[in-house]
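Dear colleague,

Please find below the structure that I am handing over to you, together with its sequence. My findings follow it, arranged by topic.

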Amino acid sequence: MKETLYTDAVELLKQLISTPSFSKEENDTAEIIINFFETHGIPCQRVGNNIYAKNKYYDVNKPSVLLNSHHDTVKPNKGYTLDPFTPIEKDGKLFGLGSNDAGGCLVSLIATFLHFYDRNDISHNVVFAASAEEEISGVNGIELVLPFLGNIDFGIVGEPTKLEMAVAERGLMVIDCTAPGRAGHAARKEGENALYNALDDINWIRNYQFPKVSELLGESRLTVTVIETENKQHNVVPSTCKFVIDVRVNELYSFEEILEALKANLKSAFKPRTTRMKSTSIALDHPLVKAGIALGKGYYGSPTTSDKALMPFSTLKMGPGDSARSHTADEFIYLDEIKDGIATYIKMVEQIV
């Protein structure tokens with residue numbers, strides 16, 4: 001690995017940390033990424049706040065591998081003791097908002113793309129995309145830019161995984177439910193209490209277990225996280241009660257199967273907010289996974305979602321950093337993790353292309 005790849009990556013990450021890039025507000029970091037590519041003599045394109053580039057000798061007749069990570073961040077945790085927008089190097093760490101999630105992955109993948117950019121001896125195209133709105137699963141993120149990338153055969157999604165391979169990922173579906181009732185005066189036992197009707201459904205949700213359990217992701221889970229009625233007075237029997245189900249699906253179930261189970265057992269009306277964030281997996285004999293195994297990497301199922309869920313081709317989620325640091329106060333990444341990330345990505349892609 002060229003040392004300049006690492007030093008340029010760290011410098012780029014410092015610029016990104018210094019520039020607020022909350023979801024839907026990534027304009028300035030998009031410009032930073034564009035300027036980085038232009039400085040290195042690499043043409044790139046912008047779609048919304050998504051930036052993409054293709055290798056110098058891109059050939060539509062070759063298969064393509066996508067290198068992707070996101071440049072948006074969540075808002076800083078209230079527990080910060082450091083300035084979240086000041087990159088600070090200390091004790092081998094680089095502190096700053098987005099350093100771990102997913103800045104370290106992003107700049108490591110950019111460095112990897114640079115390594116392969118002007119190679120004319122590779123069997124695959126190498127395509128890079130820095131996506132927006134990942135933290136909110138926004139519709140103007142990776143889905144917006146995918147049609148511009150050409151045919152993609154498989155990809156690496158950069159998220160902090162301690163450079164282990166997340167070969168499966170839980171899907172996420174949020175469902176709004178409404179239990180019906182009939183208003184009445186609480187003193188006279190009038191009406192039909194919608195809250196009690198909701199509790200019957202919630203009790204079923206609490207106790208139900210889906211029979212198919214994944215070796216990688218465990219069971220699919222239903223969790224009620226919000227409940228409310230329209231009442232402002234204590235003496236009125238509520239006519240409606242609304243509640244929200246957080247659904248985490250393993251790779252053995254489709255969202256349609258989950259919804260069928262709810263339809264067969266709930267009295268409440270319900271509607272999913274979206275069915276976009278599907279569970280995904282990549283085969284253990286896929287060349288990407290085999291390349292990682294050859295480097296001594298382990299694999300696991302990830303409980304968290306990412307842009308991987310929105311890609312209609314096989315992807316491996318993997319990157320430097322630790323998911324446990326994501327969205328925490330005084331977020332940081334070890335500088336050595338970035339160096340290892342670049343080296344690992346290059347070695348894995350090299351085995352394939």
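The model is a predicted one. I begin with a pair of helices. Helix H1 (residues 3–17) and helix H3 (residues 99–117) have axes that come within 9 Å and cross at roughly 140°. The two helices are therefore oblique to each other, and H1 passes H3 in a right-handed crossing. On the side of H1, the contact is made by Leu5, Ala9, Leu12, Leu13, Leu16 and Ile17. H3 contributes several residues, among them Gly103, Gly104, Val107, Ile110 and Leu114. Sorted by character, the residues of this contact comprise eleven nonpolar, four polar and no charged.

H1 also takes part in the surroundings of a sheet. Three strands form this open sheet in the order E4-E5-E18, with antiparallel pairing. Strand E4 (88–90) and strand E18 (332–334) are its edge strands, and each pairs on one side only. From one strand to the next, the twist averages 25°. H1 packs on this sheet, where it touches E4, E5 and E18, and its direction makes about 25° with that of E5. Within the sheet, three bridges join E4 to strand E5 (residues 93–95), and isoleucine 88 stands opposite phenylalanine 95 in E5. Helix H8 (residues 335–352) lies across E4, E5 and E18 and runs at about 60° to E18.

A second sheet should be described next. Four strands form an open sheet in the order E11-E13-E9-E14, and the pairing is antiparallel. Strand E11 (221–229) and strand E14 (269–272) each have a single partner strand, so one side of each is left without a neighbour in the sheet. Neighbouring strands here are turned by 20° against each other on average, direction ignored. Eight bridges connect E11 with strand E13 (residues 240–249) in the antiparallel sense; leucine 222 has valine 247 of E13 as its bridge partner.

Which helices accompany this sheet? Helix H5 (residues 194–207) lies across strand E9 (171–180), E11 and E13, running at about 15° to E13. Helix H6 (residues 255–265) packs on the sheet and touches E9, E11, E13 and E14, with a direction that makes about 20° with that of E9.

Finally, I draw your attention to one residue in a loop. Histidine 286 lies between strand E15 (280–281) and helix H7 (287–294). Is histidine 286 buried or exposed? Its relative accessibility is 14%, so histidine 286 counts as buried, the limit being under 20%. Leaving aside residues up to four places away in sequence, histidine 286 touches Phe154 and Ser314.

Yours sincerely

Notes
Residues numbered from 1 in each chain as written. Predicted model: local features only at pLDDT ≥ 70, side-chain atom pairs only at ≥ 80, totals over all residues. Heavy atoms only, no water. Axes fitted to C-alpha atoms, helices over the stretch in contact; angles between N-to-C directions. Parallel < 35°, antiparallel > 145°, perpendicular 65-115°, else oblique. Left-handed = near helix turned anticlockwise from the far one by under 90°. Contact = heavy atoms within 4.5 Å. Nonpolar A, V, L, I, M, F, W, Y, C, P; charged D, E, K, R; others polar. Pairing = 2+ DSSP bridges. Buried < 20%, exposed > 50% of the residue type's maximum accessible area, 1.4 Å probe, protein only.
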